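Biologist: Can you take me through this one? I would like the overall make-up, then the sheet, then the helix packing.

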Amino acid sequence: MSKIQKIKGFSDLFCPESTIHTLMENLARQVFATYGCQEVRVPILEKTELFARSIGEETDVVQKEMYTFADRKGRSLTMRPEATAGVLRAFIESGQHSEGTTKLFACGPMFRYERPQKGRLRQFHQLDVEVLGTDAPQADAEVVLMLWTFLTKLGLKNLSLELNSLGCPECRPVFHQRLRDFLSTIDQSQLCEDCRRRAETNPLRVLDCKVPTCKALVEGAPSITGALCPGCDEHFAQVRDILDSAALPYRLNDRLVRGLDYYQRTTFEVVSGEIGSQSAVAGGGRYDGLIRQLGGPDLPGIGFACGMERLALLYGEAQMPAPDFYLAVLDSRALNTALLLAQRLRERGFAGEVSFEARSIKAQMRQANKLGVKTCLILGQDEMEKGQIVVKDMATGVQKTIGQDDLEQALGFRKP
RNA sequence: GUGGGUGUAGCUCAGUAGGCAGAGCACCUGGUUGUGGCCCAGGAUGUCGCGCGUUCAAGCCGCGUCACUCACCCCA
């Protein structure tokens, strides 16, 4: 029979990677809770329209990267490509939005039909925070601090925080016009093929191009920072001021662009130079018109998402805890007794393995050694007959024979 | 969607100029009547991704195909 393989861009996580993911998720939950975030679990499948309306009909994500299909009654459904839309939909639908600021944490798998590469899978996992109901610059600063605190507690270093303001519906069109004017003054034929297209469709993206010739050409392009309206300018200044006071190191990057249409004002990204080309480990920003756009009240919001696979690339080796014991069985008539003894220990919270077959003691000792257990228990014919068991300390090699009833004590049972 | 690289033992990979399929690690057995690590001796393990072609002969050359991977695009 032929093997069935997993589908492209989907991965199976075994230990220690699965442990790293669990650990990161738990730490995120814990850190974000200190800021008042409450966890929300939302569906993986949503109506396609939700993403089309929030992310933006014209974005690449919606145009060509979504897992979209018709259900059995012909309704168009989509596997979520990001978390924000679903969380906001749930927030709006729950109707619990009259209580001032709401801070939500969500996590889980997201899906995008892209060509896989380092740090990018078709099913990937994000940690997501949304702070809804306030446009205070303090909230922006708090969200950034929350993210940075989490990454620091994860032990990640050499990360760089990039910060920008994209302006609001009032000042952004002004900047777009200035940018278009600028682009029309330069020799279009010098731009790369992608940029010639982007100059029309999404001029902001031209600023972000990595091709050296394009970089040089847009050197003198106008900066969004200089085009902000007084309101946005003041808001951004306050956010920076707080982050300065908190001594949080960031880099202003007026070329920082977000891929989703709903972002405005404060946007930020955390990048690493150590994980290949997909260098953004987290990204987010403010989306003040979005809740209303999704049929909810006119409330502002800000949030971010962390890519867990990318964090995992930066995370060191996970230490897998060694089991407490290995129970070697030398006589096949002792196998049942051994299993019951192990069960007794496991009920007390000890972790360990018990042999399912009476192999040579040498083989079983080797196994105990390989598992790295602190204690090896040996049950043979002699011990069986006397109701005893051998307890061997693997580090010192010292062993003693004790009554089976005294096992918990010998292993250092501590009350839970 | 586009381009490059790689598919050989459980894992990491050698394999010269087409001529018997290899190493290290891991695993198993023994060196100890019931005692691990180190050491020594021995052992098992292959659709050389798959298909077609060239050839007396293909892991190696050609074509196709699938998978993985990195990069572009895009993004967390």
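Modeller: Helices (H or I, at least four residues) and strands (E, at least two) are DSSP runs, numbered from the N terminus. Chain A has 16 helices and 16 strands by that count. The model is predicted, so local features need pLDDT of at least 70 and side-chain atom pairs count only at pLDDT 80 or more, while totals for chains, interfaces and linings use all residues. Residues are numbered from 1 along each chain as its sequence is written, and chains are lettered from A and ligands numbered from 1 in the order in which they are written.

Biologist: What radius of gyration does chain A have?

Modeller: Chain A has 28 Å, where a compact globule of 416 residues would have one near 22 Å. The radius is taken over C-alpha atoms, and the globule rule is 2.2 Å times the number of residues to the power 0.38. Along the principal axes, the C-alpha atoms fill a box of roughly 95 × 50 × 50 Å.

Biologist: On to the sheet. What is the order of the five strands?

Modeller: The order is β13-β12-β14-β15-β16, in an open sheet with mixed pairing. Two strands pair if DSSP finds at least two bridges between them. β13 (352–354) and β16 (399–403) are at the edges with a single partner strand each, so one side of each has no neighbour in the sheet. On average, neighbouring strands are turned by 20° against each other, direction ignored. Axes here are lines fitted to C-alpha atoms, for helices over the stretch in contact, and angles run from 0 to 180 degrees between N-to-C directions.

Biologist: How many bridges join β15 to β16?

Modeller: Five, with β15 (residues 388–393) and β16 running antiparallel. Ile 389 is opposite Ile 402 in β16, and Val 390 is opposite Thr 401. In the hairpin of these strands, five residues lie between them, and Gly 397 takes a positive phi near 80°.

Biologist: And which residue stands opposite Val 390 on the β14 side?

Modeller: Ile 378. β14 and β15 are antiparallel too, joined by four bridges.

Biologist: Which strands does helix α13 lie across?

Modeller: Helix α13 (residues 335–347) lies across β12 (325–329), β13 and β14 (375–379), at about 165° to β12. Helix α14 (residues 361–371) also packs on the sheet, touching β12, β13 and β14, and its direction makes about 170° with that of β12. Contact means that the C-beta atoms of two residues, placed from the backbone, lie within 7 Å.

Biologist: Different topic. At what angle do α1 and α5 pack?

Modeller: About 140°, with the axes of α1 (residues 17–33) and α5 (residues 137–153) 10 Å apart. That makes α1 oblique to α5. Angles under 35 degrees count as roughly parallel, over 145 as roughly antiparallel, 65 to 115 as roughly perpendicular and the rest as oblique.

Biologist: Which residues meet there?

Modeller: Leu 27, Ala 28, Val 31 and Phe 32 in α1 meet Met 146, Thr 149, Phe 150 and Lys 153 in α5. By class, that contact has six nonpolar, one polar and one charged residues. Ala, Val, Leu, Ile, Met, Phe, Trp, Tyr, Cys and Pro count as nonpolar, Asp, Glu, Lys and Arg as charged, and the others, Gly among them, as polar.

Biologist: How do α5 and α10 cross?

Modeller: The axes of α5 and α10 (residues 230–245) come within 8 Å and cross at roughly 45°. The pair is therefore oblique. Among the residues making the contact are Pro 137 and Val 144 of α5 and His 235 and Leu 243 of α10. The contact of α5 with α10 has six nonpolar, three polar and one charged residues.
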